[in-house]
Amino acid sequence: MPKKRKYISQKNDHKLQEIGRLILRFMNENSTKIYNYKQIADGIDHKNPRQRELVIQALHKLQADERIKETEKGKYIVNLNIKGTLTGTIDFNQSGNAYVSVEGLEDDIFIHSKNVKDALQGDKVLIVTYTYKGKKLEGSVLEVLERTRTEFVGTLQVVTHKDFGFVVCDKKTINTDIFIPKGKFGGAEDGDKVVVKMTEWKPGDKNPEGEIIQVLGAPGEHETEIHSILAEYGLPYEFPEEVERDADKIDRSINDEEVAKRWDMRGITTFTIDPKDAKDFDDALSIRKLENGNWEIGVHIADVSHYVVPGTILDDEAYQRATSIYLVDRVVPMLPEVLSNDVCSLRPNEDKFTFSAVFELDDDAKIHKQWFGRTVIHSDRRFSYEEAQERIETKQGDLQEEINVLDRLAKIMRAERIRNGAITFDRSEVRFNLDEKNEPVGVYFKISKDSNHLIEEFMLLANKKVSEFVSLNKRGEISQNTFIYRIHDDPDPAKLESLRDFVSTFGYKMDLANTKKVAESLNRLLHDVKGKGEENMIETLAMRSMSKAVYSTEPIGHYGLGFDFYSHFTSPIRRYPDLIAHRLLQHYLDGGKSPNKAELEEKAKHCSSMERLAADAERDSIKYMQVKFMEKHLGETFNGVISGVAEFGFWVEIPENGAEGLIKLRDLVDDSYTYDSKTHAVYGSRHGKRYQLGDNVQIKVVKANLIQKQLDFKIVD
């Protein structure tokens, strides 16, 4: 009997918790409003006497737990200073539900779409947490503490016969339309793609109010969509006039007074190797044989810090941008073109100021000496990667001997890096052949060859050695000098275990015993999946199991490269952290003291943030161009590989062009299909037909949505 009584008590307590959760959900819709118990009972649809009694009990319990407070007898308000509140960043998924990441908590907290209040993607929010159904921790947004952004891209929809409209935002992660009153259209017309600024969101209002600040053009038009991508991430595509004027005034002369302060290396064989369409040449290599039989290799980097001075509007603009953005059809540079493509660019047959790392290497690629400092060089030749590759493969052509020496040394350094735990993610990248109107007329894949690896290894060498030079004293001890590092933390063990379990279903094994075994397993896995149907998915998941590389003043090392100290030094035309590294290196070469760490950490965080936005914009531009390319192939049939599976459908990638489209389960009319997460497949309930990750299928292209950047496919039997 006592057991039964205890069970009823627990059941009742659980029921009150459930009602309490409903009450909080209702009251949080307007957390500043005071409610009496009848309004609350009506609000959660508890209207009969027994239900109302339970509401009163639940209110007493919430009050005892300090979740709500009684303003006067029988009247309640949400307690915004309650226990169980947390602050974090909200991240929406496409269903409208969200997760809040809280610093110090391992797991993100789930927020149902009904409980997100007026929060938008990326906002800093105050949430209250509670246990859902006695198990899972959930939360409700109490208050938006800080808006991450107030400007969004969307399409204006004017309400017929009314003098107002709504902007329907492009991104599904923005979970509301924005109301535009009369007089705030900014010259936009119905159907235009626009940038809208959110001006206010009154408590209790379903939609925020805004004004249109920029008209981008008609949806689906090329320029409109490209500018939309940049505007979506708050990225600029033009320089202010005063910045351009400042850049035009720069003294570009190679004067004797400045040359006298530098190592003059103009007489040494020097060349650049870059993509065939590149204009901003950041780096050059020089090579000469020394009398002792060793090789003197110079890694010469454009001396942007000579021209871009702290405190100028040019430097301020470069810092705000923090990176160049490489969209499919254009580059949005960090520096005005006069600098990026002319003054700083290491163009052939021109004298240029550079910042260099010069190494003496023997035939086994062992370093005997190193030197860092400012130089002046003269590039004898500009090679494309293809031209350099031709010299490696044929041993023919001008400067083939020098290129082949560098290639041999680079291969030794690369093998040593991999032995020391570096992971070789070597994914091929989608590229497009565009006509004069920027229409995609062909797709190809950029694959890294020996010439790419040659440049990569010498850039890695310079980056690593500059970082070590600043960070270690002559005895090899940490120097405590403040510097900006490129760091890559160890992978999350839980994510590695998930990856191991996932790949085991395809017959691949991973050893997670220690850091070295993990690196060896990952390299073996990436090698073994090459050319297989599951290659793309496994490579993507392997990448996701890694931490993200970021900039920081804390030298925790770079896991993916296997380096204890690593910084970005070799691309100051297109990355602001490299410019910071140049300035700091010169500061220490001049005997300067370590600068303020907190100030530099703030800059590192800003550069990391801007890098993420640029990467998202670049990814969106590729998706857009893939959809545009496939638009011309509507109704055509292709062979594809299932690249992802979910509850609502599965994705198929066309290997020949990298385009990926969705096949919705509801469109499979031959059977009723169910998703099985363990086997990464969907199964037909009647005929047992299976579609599994990695399977080859034949598809027809049925829809290409340029605005959403989405393709829909249909299975062809």
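**Exercises: a helix pair and a small sheet**

In this predicted model, Val466, Phe469 and Val470 in α12 meet Leu585, Tyr588 and Leu589 in α16.

**Exercise 1.** State how the residues of the contact of α12 with α16 divide into nonpolar, polar and charged.

*Solution.* Take the residues on the two sides: Val466, Phe469 and Val470 come from α12, and Leu585, Tyr588 and Leu589 come from α16. Sorted by class, the contact has six nonpolar residues, no polar ones and no charged ones.

**Exercise 2.** Describe how helices α12 and α16 are oriented to each other.

*Solution.* Begin with the extents: α12 covers residues 450-471 and α16 covers residues 576-589. Their axes come within 11 Å and cross at roughly 45°. Angles under 35 degrees would count as roughly parallel, and 65 to 115 as roughly perpendicular. The two helices, α12 and α16, are therefore oblique to each other. As for the hand, the crossing of α12 and α16 is left-handed.

**Exercise 3.** Work out the strand order of the open sheet that contains β30, β31 and β32, and name its edge strands.

*Solution.* The three strands run in the order β30-β31-β32, with antiparallel pairing. β30 (673-676) and β32 (690-692) each pair on one side only, which makes them the edge strands. On average, neighbouring strands of the sheet are turned by 20° against each other, direction ignored.

**Exercise 4.** Find the bridge partner of alanine 681 in β32.

*Solution.* Strand β31 spans residues 681-684 and pairs with β32 in the antiparallel sense over three bridges. In β32, glutamine 692 is the bridge partner of alanine 681.

Methods. Residues are numbered from 1 along each chain as its sequence is written. This is a predicted model: local features need pLDDT of at least 70, side-chain atom pairs count only at pLDDT 80 or more; totals for chains, interfaces and linings use all residues. Side-chain values use heavy atoms; hydrogens and water are left out. Axes are lines fitted to C-alpha atoms, for helices over the stretch in contact, and angles run from 0 to 180 degrees between N-to-C directions. Helices (H or I, at least four residues) and strands (E, at least two) are DSSP runs, numbered from the N terminus. Angles under 35 degrees count as roughly parallel, over 145 as roughly antiparallel, 65 to 115 as roughly perpendicular and the rest as oblique. A crossing is left-handed if the near helix is turned anticlockwise from the far one by less than a right angle, and right-handed if clockwise. Contact means heavy atoms within 4.5 Å. Ala, Val, Leu, Ile, Met, Phe, Trp, Tyr, Cys and Pro count as nonpolar, Asp, Glu, Lys and Arg as charged, and the others, Gly among them, as polar. Two strands pair if DSSP finds at least two bridges between them.
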